[in-house]
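Biologist: Could you walk me through a few spots in this model? I would like to see the reasoning behind each answer.

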Amino acid sequence: MEEVKVGVFLSDCGKQLAEILDFKALTEHVKKVSGVALVVRGNEFWRGEGLKTIVDAIKSKKINRLVVAETLPKLSEVKIVKAAEEAGLNPYLVEVIDLKDHCAWPHRDAPLEATEKAKAMLSAAIERAKLLEPLEKLEFPAVKSVLVIGGGIAGMQAAEDLADLGFEVHLVEKAPFLGGLAARAGRFFPTDDCAICIQSPASDVKAITHTSRKCVYRSGFSEIPNLNILTNSKVVKVEGVPGNYKVTVEKKPRYVDESKCVRCDLCTTVCPVEVPDEYNAKLKTRKAIYINTPPVHPPVYVIDESACKFQECAKCVEICPTKAVKLNQKTEKLTLNVGGIIVATGFKEYDPSVIKEYHYGEYPDVITNLELARMIDGFGPTNGAIIKPSDRKPAKRIVFIQCVGSRDRRWNPWCSSICCMISLKNAMLIKSAYPDTDITICYIDIRTTGREHEYYYEKAREMGIKFVKGRPTEISHDPDGNILIVDVEDAILRRFFELEADLVVLATAMVPSEDTKELAEMLGIELDQDGFFKEYNAKLRPTETKIRGIYLCGGATFPKDAPTSSLHAHSAAVKTAKFLSTGKIIKDQRTAFVNEEYCGDCEFCPVICPFNAITLVPKGEDHFVAQVSDLKCEGCGICVGTCPVNAIELRHSRPNQMEAQMNALLSVNGTSKPLILAITCSECGHTAVDSSGMAMMQYPANVRVMKVPCTGILQVHQFLQAFKAGAQGVMVVGCKTDGCHYEVGSQKAQKKVDLAKVLLKEYGIEPERLEMFHMVFIEGDKFAEAAQMMTERIEKLGPLQLM
Amino acid sequence: MKHEKEQKTSATSFSDEIRSQLGGETIALCYQCGTCASSCPVAKTTERYNPRDIIRLSLLGEKQEVLTSGAIWLCSSCYNCQERCPQKVEIADVIYALRNIAIKEGHIPNIYSEFATGLMNEGRIVPISKFVEKKRPEYGLPPLRPAGLDTLKKILAATGFDKIQWKKEGTP
């Protein structure tokens with residue numbers, strides 16, 4: 001192996017640092033460290049002349065390892081690493097440290113102590129650099145093809161975007177028709193136009209044609225050549241890795257040939273089977289062969305196989321003029337090869353029959369908002385008439401009840417966010433069509449927070465819709481006159497009302513779609529506490545999941561209105577396009593690897609890996625070993641922290657590298673206080689140290705910071721190792737337990753710290769010498785406080801007595 | 001430069017006091033939907049009692065009004081409100097917590113003072129009249145047995161019941 005030659009570049013940050021740190025002493029110190037071939041003092045090593053010095057040193061082969069002490073390493077590191085790589089150095093042989101925010105600034109009141117700490121920091125960086133190994137950059141193929149699951153408003157929008165961008169798109173919808181919940185809702189707020197509008201394909205941008213810019217009916221959506229629409233279909237299996245998934249789709253028979261059906265309607269005239277029409281809230285019946293109206297896609301009949309008599313009857317086959325009915329169609333299994341997956345499975349209305357006091361399902365005139373929407377729809381079961389389902393007489397007095405099963409900790413604690421607007425919309429549509437209808441909305445809080453939404457509420461009041469601030473306790477039925485009585489307190493008047501109603505409309509909660517859990521398991525992604533799909537980060541990555549290549553949009557993450565679903569869908573489409581656009585995924589090898597000699601027959605790491613990167617593969621008879629996917633591995637090391645036999649390591653944070661770093665950090669004290677090792681994660685923990693330095697918050701220089709990828713990598717024996725290496729106290733600084741960048745790392749670390757405290761006691765070491773802290777970037781004050789507190793605590797405890 | 005944080009002083013409010021009582025823990029979850037009030041058989045017969053009002057006043061810190069107006073003593077403990085509260089506020093239990101605070105602070109309706117005195121002196125809440133004693137055999141009921149006052153007194157002492165100032169000076 002080539003001799004290790006470390007080049008150390010010390011930036012004094014335009015002399016600023018030199019006022020605190022003794023750079024002459026630092027240079028002398030570094031020169032004496034074995035393996036150091038070059039020491040250069042200067043400033044701005046991340047650009048201009050400074051960076052050129054580094055490049056020249058690499059090119060002239062004077063050095064083959066690089067340590068740079070630079071300010072703002074989070075910004076400069078990228079440039080330094082890039083330049084080093086271009087100069088011919090493997091980019092994983094570079095170590096950048098921050099002498100300003102981690103040393104000079106926070107210890108500016110104690111320059112001598114700060115200089116000693118800087119020596120330790122430089123030694124640690126050099127020792128680590130000496131042990132670094134060159135890593136590869138790996139290239140994986142990415143199929144420029146996308147699966148979109150769910151053909152509602154979000155799924156259609158995302159599919160259209162991606163298809164127009166040139167990707168091959170498969171849109172899978174489990175119902176026989178596209179449109180989802182939106183198609184049933186009929187109209188949308190705040191524009192009161194059709195619910196199923198989507199943007200039309202951008203093919204009309206390239207060549208403006210006859211298509212509409214807005215209407216799905218006229219959009220030519222189904223004519224996009226690289227869009228494969230699979231209705232009546234369900235994803236049943238997902239295998240493979242990001243960029244290259246094998247997806248099995250089960251396509252149920254439609255029993256009608258899509259290419260032949262001309263929608264002449266003759267089949268329904270002869271079909272003898274009548275069943276309640278679920279799509280239309282069972283307010284009418286339909287035949288076993290049917291089509292939903294208004295049609296979204298495909299404009300083709302379908303046979304309900306649970307109702308059809310098939311060969312016993314076959315009247316539709318006889319009458320069909322184009323011979324489109326095919327009763328012998330079978331379920332097909334299709335295999336799709338896609339690079340990315342978008343989940344757009346939406347949400348559904350909660351079944352309010354569990355709320356016994358409202359008697360839904362028992363009193364026919366108690367209905368849900370979606371059922372009401374079918375009545376309002378001119379295409380619907382009553383052709384727009386608002387009736388009492390019990391006797392089909394016109395409903396003249398209507399009471400809406402908000403928050404049915406939502407904002408209710410007995411059923412669904414969340415606010416479904418769109419139901420206030422839905423009730424306002426439905427109430428106004430009824431009031432416009434039948435102005436003499438008496439409408440009351442019983443609410444807890446009216447939430448009209450979106451753009452133009454408050455005007456909607458204003459208009460409803462102007463139209464004479466009444467509002468009662470109170471959640472009714474019960475709906476009862478008076479058989480005399482067949483009326484419903486809604487028992488409610490108006491909290492503003494502090495008065496009780498028994499509201500008489502012909503029709504009571506429940507604004508029910510919106511809950512995750514069926515099969516959400518099953519699909520999440522299939523895809524290896526998480527659900528949130530409410531059962532919706534969980535995004536990687538609700539604030540900044542609202543369409544991403546923890547698995548690269550799998551994206552979310554629309555109501556699958558939470559109930560959304562149409563405009564928000566559209567936006568969300570565009571975002572998911574862009575994310576997917578970015579991921580697949582080059583046709584390849586470049587991923588470095590900062591990953592975990594398994595030493596197969598030690599590994600075997602335990603299932604800890606595949607279970608604990610948050611990214612499903614570890615699988616078990618057979619090794620000999622009845623044995624298996626873990627195998628890491630370099631593509632899926634995010635390099636956090638939570639597996640390392642879990643492995644009971646140390647059979648798994650991170651290539652960029654190996655035990656010998658960590659040990660050398662730890663020993664060097666604790667080799668020099670230079671202060672009168674006890675040495676404390678602060679092990680931080682590379683995410684929030686380390687940046688919290690940065691921010692305490694940036695704000696010049698003071699803490700004593702005896703606190704030494706060591707960075708690891710994620711605190712989840714830590715093992716109990718490493719705490720003992722730190723004490724052995726000279727630490728009098730150990731701090732573990734990680735992300736918030738619910739904000740770990742690797743999902744569970746800081747939770748696991750906390751557990752290990754708790755366990756280690758018990759063990760320390762057994763070894764005769766005070767458990768208070770070890771403590772875990774959770775903080776975010778902007779909580780630098782918390783870090784400074786913690787460092788100060790730990791120093792005082794350890795001073796009080798006195799020197800550590802190791803047996 | 002030292003970074004100093006302002007020290008927050010924590011004021012113990014009435015709602016904190018209620019939440020620290022057994023049964024009072026859930027009061028702060030209330031969002032004033034009124035389901036309790038419309039479920040309440042008492043509220044529908046008298047304007048003097050409305051569970052939503054009591055919770056609202058409590059959360060806004062109107063301690064004197066809640067404890068002295070007499071409303072909290074009107075709850076019939078039917079638990080309708082508690083069954084239907086969408087926020088799982090244990091309303092009937094909150095009312096009990098408020099009654100406990102009221103008693104500790106000496107806001108006790110006369111009738112409860114009389115009950116307590118009867119219990120401590122005779123072992124019974126309702127005094128046994130000569131009339132009742134005479135009537136019992138006519139209905140085939142056995143004569144009443146003594147109340148076991150000694151044991152009862154021990155229980156009352158162990159719970160601190162007998163230390164409560166049941167009758168304030170000057171109250172009728």
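Biologist: Leaving aside neighbours within four places in sequence, which residues is A:S565 in contact with?
Modeller: Happy to start there, with the reminder that this is a predicted model. A:S565 sits in helix α15 of chain A, which covers residues 562–580. Once its neighbours within four places in sequence are set aside, the contacts of A:S565 are A:I153, A:A154, A:G554, A:G555 and A:K560.

Biologist: Is A:S565 buried or exposed?
Modeller: Buried means a relative accessible area under 20%. A:S565 has a value of 4%, so A:S565 counts as buried.

Biologist: Which strands stand at the edges of the sheet β24-β25-β26 in chain A?
Modeller: That sheet is open, with 3 antiparallel strands in the order given. An edge strand has a single partner, so one of its sides is left without a neighbour in the sheet; here that applies to β24 (474–478) and β26 (495–501).

Biologist: And what is the bridge partner of A:L484 in β26(A)?
Modeller: Strand β25 of chain A spans residues 483–490 and pairs with β26(A) in the antiparallel sense over 7 bridges. For A:L484, the bridge partner in β26(A) is A:A501.

Biologist: Turning to chain B, why is it described as more spread out than a compact globule?
Modeller: Chain B has 9 helices and 0 strands. For its 172 residues the globule rule gives 16 Å, and chain B is well over that, so it is more spread out than a compact globule: its radius of gyration is 21 Å.

Biologist: What does the C-alpha trace of chain B span along its principal axes?
Modeller: Buried residues make up 37% of this chain. Along the principal axes, its C-alpha trace spans about 85 × 40 × 30 Å.

How values were computed. Residues are numbered from 1 along each chain as its sequence is written. Chains are lettered from A and ligands numbered from 1 in the order in which they are written. This is a predicted model: local features need pLDDT of at least 70, side-chain atom pairs count only at pLDDT 80 or more; totals for chains, interfaces and linings use all residues. Side-chain values use heavy atoms; hydrogens and water are left out. Two strands pair if DSSP finds at least two bridges between them. Helices (H or I, at least four residues) and strands (E, at least two) are DSSP runs, numbered from the N terminus. Buried means under 20% relative accessible area, exposed over 50%, partly exposed in between (1.4 Å probe, protein chains only). Contact means heavy atoms within 4.5 Å. The radius of gyration is taken over C-alpha atoms; the globule rule is 2.2 Å times the number of residues to the power 0.38.
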